[in-house]
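Grab the model and work through a few exercises with me. Try each task yourself before reading its solution.

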Amino acid sequence: MLDTDVLSTTRPRALGITTPLGAVRFAVRVGGWDVPARPELTWGLDSGGWLCRWRHRSVRLDVLSGSSTPHSPDGCPAVTRQTTIFRVLAREPLSEFAVQAELLGPQEVSPHDAGFTAESADAVVTVGGPGVDALRGCARAGQHVPPYWSAALADDAVEQDGSRLTWQLPAVDRGDYAELWVSAAWGEPGEHPGTHLAVDVDPARVLRELTH
């Protein structure tokens, strides 16, 4: 993902995104391994983002996180967005790759494809990531996920339960990699806040913004 030899290490930090309506917390499971909340190594990036790394005998997990600029349609208020990209590199065959994202605290949410929106009098927050069709499209294009995922992804691979999203993703063969990205976007309440559009990201573009 990045040449870490040219980066400066910084304090390890737990996975998560802080929003005006509470924290988004992540849980990751790869090939039967429950990934600890805090990484082995964390590097700071010039973009203001950070790269975290976990190592296990069967997998290396890199997580890139930071703010990027969403496109705001004309007439929409400003929206803040933070994206977290999970990248697994399989050292051995991995039976699964699962990511859970949850907006903590009591929240009434409006669900939509691979995401949800919560709103208060002061803020609106949307959390979301790629749906099954988007991931199948990436697989067919040979981008971000293995090509064999186009047939292996189950129709119910993405579940939404209140303010919790879960991606239950297929196996990853030895030597292959797979990426999963989750974004949180927030702004002031309004008729068209645009936060649901902001979480529909181009992961390649976000990677470029965070790493340059």
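Three short exercises with worked solutions follow.

This is a predicted model, where local features need pLDDT of at least 70, side-chain atom pairs count only at pLDDT 80 or more, and totals for chains, interfaces and linings use all residues. Residues are numbered from 1 along each chain as its sequence is written, and side-chain values use heavy atoms, leaving out hydrogens and water.

**Exercise 1.** Find which residues touch the most other members of the largest nonpolar core.

Start with the term: such a core joins buried Ala, Val, Leu, Ile, Met, Phe, Trp, Tyr and Cys residues through side-chain atoms within 4.5 Å, buried being under 20% relative accessible area (1.4 Å probe, protein chains only). Among its 55 residues, the winners are Phe26, Val28, Phe86, Phe97, Trp149 and Leu180. Next, see who supplies the largest share: strand 15 (residues 177–187; strands are DSSP E runs of at least two, numbered from the N terminus) gives six residues.

**Exercise 2.** Work out where the buried residues of helix 4 sit around its axis.

First list them: in helix 4 (residues 203–211; a DSSP H or I run of at least four residues) they are Pro203, Val206, Leu207 and Leu210. Their arc, taken from axis-to-C-beta directions, is only 105°, so they share one side of helix 4. Then look at the cover, which includes strand 7 (59–68), strand 8 (80–90) and strand 15.

**Exercise 3.** Name the side-chain partner of Arg60 in a polar contact.

Locate Arg60 in strand 7. Its side chain pairs with that of Asp62 at 3.1 Å; the cut-off is N or O atoms within 3.5 Å, one able to donate a hydrogen and the other to accept it, and residues adjacent in sequence count only if both atoms are side-chain atoms.

Technical notes: Buried means under 20% relative accessible area, exposed over 50%, partly exposed in between (1.4 Å probe, protein chains only). Contact means heavy atoms within 4.5 Å.
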